[in-house]
Amino acid sequence: MTTAVLFDNVSRHFGAVRAVDRVNLSIAEGEFFAMLGPSGSGKTTCLRLMAGFEQPTAGHIEIFGETAEGVPPYRRSVNTVFQDYALFPHLSILDNVAYGLMVKGIGREERRKAAEDALAMVKLPSYGARRPGQLSGGQRQRVALARALVNKPKVLLLDEPLGALDLKLREQMQEELKSLQKSLGITFVFVTHDQGEALSMADRIAVFNEGRIQQLGRPEDVYNRPTTRFVADFVGSSNVLSAKLCQRLGLKTASASLRPESVAIAPAADGALSLSGVVAGRSFLGATNRIVVDVDGNRIAVASPAAQSVPAMGTPVTISFAARDLHPMEDA
Amino acid sequence: MRSEKINRVPLGLKIAAAAGLAFMHLPILLIFLYAFTTEEKTYQFPPPGLTTQWFAVAWNRPDVWAALTLSVKVAAIATAAALVLGTLCAAAVSQTRFFGRETVSLLIILPIALPGIITGIALRSAFSIADIPFSFWTIVLGHATFCIVVVYNNAVARFRRISGSLVEASMDLGADGFQTFRYVILPNIGTALLAGGMLAFALSFDEVIVTTFTAGQQSTLPIWMLEELIRPRQRPVTNVVAMIVVIVTFLPILGAYYLTRDGDQIAGAGK
């Protein structure tokens with residue numbers, strides 16, 4: 001399998017700020033790779049390093065085996081879908097999409113044809129004559145996608161492309177992006193702060209915090225087996241069990257993570273672990289109720305199906321979970 | 001809604017506003033009127049008679065033509081220099097961050113905030129210290145100092161509205177620096193530059209103070225008019241020329257006003 005993007009100990013410092021700090025990653029050709037993290041975690045800087053808008057302070061970057069340091073953005077075989085779409089306001093939609101071909105000196109007729117095909121691919125076939133200002137946010141997003149894809153990049157970089165869309169449209173675009181990526185076979189590198197988006201779309205996820213990769217793996221692994229407290233908290237708000245509780249449950253690690261949906265308010269069945277506490281908070285989330293149980297000062301969230309009755313505040317309850325749902329973690 | 005708003009304005013305010021406008025604009029109309037008078041020596045009101053002969057007289061006077069050509073040349077060259085330098089300054093200040101950026105920005109605007117007489121004296125002493133003889137080019141230099149400001153102000157406002165990611169998007173799509181300037185930046189700042197250039201031309205065309213300090217023997221049109229008023233000879237000719245100056249400077253300013261107004265809509269459309 002060919003490596004599309006390789007980061008070898010890459011750092012990017014802005015003065016004293018370590019935006020990206022010794023990052024190693026290797027993205028395979030044809031992969032849908034997500035970089036997930038809160039704002040300021042370095043994920044966007046990593047994307048800009050791939051695009052060529054930033055140069056690494058230290059380390060080495062390769063794109064399809066070629067050294068990327070010092071290569072300006074206009075000589076890289078990558079294209080970007082910008083967070084604010086960055087459509088050219090003075091050009092028609094068709095000219096926007098054809099821009100990359102125009103600056104490469106491709107003939108008028110050929111680039112018009114290619115741009116129309118690209119617009120058809122993103123389901124905006126008859127919008128070529130309009131201006132960016134006449135399009136909705138979702139439509140502009142599709143144009144930005146067509147404008148990047150028409151250049152047949154080897155890697156497509158997407159910088160929070162769904163951030164500005166409403167929930168319904170975002171879910172629809174997630175599916176479309178995923179199927180587009182599968183049918184084109186292009187490597188997608190996707191930056192997002194939305195863990196649901198990363199989990200549902202990506203083949204692999206790198207979770208960023210403070211310029212470093214906290215965990216890199218398949219969505220299932222990152223979600224179910226967070227290796228650091230930060231990942232446990234950021235990806236789907238796992239419960240983090242203190243050393244004391246771990247000890248009581250027979251674990252030797254400093255801490256462990258436990259998914260709220262793995263916990264039930266019920267006495268332990270055969271082989272399951274259990275803890276007792278009192279109900280300290282409840283909120284209705286639609287499909288589930290979120291119940292917070294206080295176990296000797298540790299607050300453990302339980303995702304209980306909405307159909308089940310919710311115990312009143314202060315009620316003593318027993319919570320139980322399977323031993324395999326308890327995942328030991330590296331840090332405290 | 002709109003007419004209601006207008007009707008609520010008290011009568012006194014309306015009269016005051018009309019009086020204010022009249023105070024500013026009636027004298028200009030008087031200039032126009034005296035361009036047609038038959039009285040040559042004094043501004044007698046009402047004019048004893050009306051004639052268009054002064055247009056022909058003005059047309060045939062070589063000193064009018066010399067002053068006019070000089071003014072047009074100076075304004076054109078000063079504007080051209082200002083367009084290049086002002087745009088570059090605006091691009092640097094708005095698109096990049098560097099040490100002393102705010103100071104540079106202030107220093108560029110300063111010449112228009114300073115009284116013209118300061119600029120004039122400063123340039124005059126600088127020219128004599130450097131042993132530069134007063135010439136056509138010293139006038140151009142003097143005018144360029146404030147023309148740059150006008151272009152800069154227009155361009156910087158427009159540059160700030162261009163999202164930085166537009167330039168990045170262009171580079172990302174394969175355009176080098178020159179192509180990005182040609183296909184993305186220039187179309188977006190074009191109207192601002194035209195407006196700035198027109199204003200700069202108009203400012204240069206009727207500048208008196210800085211010109212007095214930086215000109216040698218040449219007289220630009222405004223200087224010529226000033227001299228004519230002091231030593232009257234065929235007085236209405238001055239009025240004819242004044243009328244032409246009003247028209248020549250008013251048209252570009254009007255054009256600049258409409259261009260920047262439309263430009264707002266174009267540049268804002270993508271947002």
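In this predicted model, Ser283(A) has Arg290(A) as its bridge partner in strand S15 of chain A. The pair belongs to the antiparallel arrangement of strand S14, residues 273–284, and strand S15, residues 288–295, of chain A, which are joined by 6 bridges. These two strands form a hairpin with 3 residues between them, and in this hairpin Gly286(A) takes a positive phi near 100°.

Strand S14 of chain A also pairs with strand S17, residues 316–321, of chain A; the two run antiparallel and are joined by 6 bridges. Here Leu275(A) finds its bridge partner in S17(A), namely Ile319(A). Strands of a sheet pair through backbone hydrogen bonds, and such pairing can be either parallel or antiparallel.

Elsewhere in chain A, an open sheet of 3 strands follows the order S11-S12-S18, with antiparallel pairing. Because strand S11 (239–241) and strand S18 (327–329) of chain A stand at the edges, each with a single partner strand, one side of each is left without a neighbour in the sheet. From one strand to the next, the twist averages 35°. Within this part of chain A, 3 bridges join S11(A) to strand S12, residues 255–258, and the two run antiparallel, with Asn239(A) standing opposite Leu258(A) in S12(A).

The last step is to look at how the chains meet. The contact takes 22 residues from chain A and 19 residues from chain B. On the side of chain A that touches chain B, the elements giving two or more residues are strand S6 (78–81) and helix H2 (93–103) of chain A, and H2(A) gives the most, with 3 residues. The residues on this side of chain A divide into 12 nonpolar, 6 polar and 4 charged.

Conventions:
Residues are numbered from 1 along each chain as its sequence is written. Chains are lettered from A and ligands numbered from 1 in the order in which they are written. This is a predicted model: local features need pLDDT of at least 70, side-chain atom pairs count only at pLDDT 80 or more; totals for chains, interfaces and linings use all residues. Two strands pair if DSSP finds at least two bridges between them. Helices (H or I, at least four residues) and strands (E, at least two) are DSSP runs, numbered from the N terminus. Two residues are in contact if their C-beta atoms, placed from the backbone, lie within 7 Å. Ala, Val, Leu, Ile, Met, Phe, Trp, Tyr, Cys and Pro count as nonpolar, Asp, Glu, Lys and Arg as charged, and the others, Gly among them, as polar. Axes are lines fitted to C-alpha atoms, for helices over the stretch in contact, and angles run from 0 to 180 degrees between N-to-C directions.
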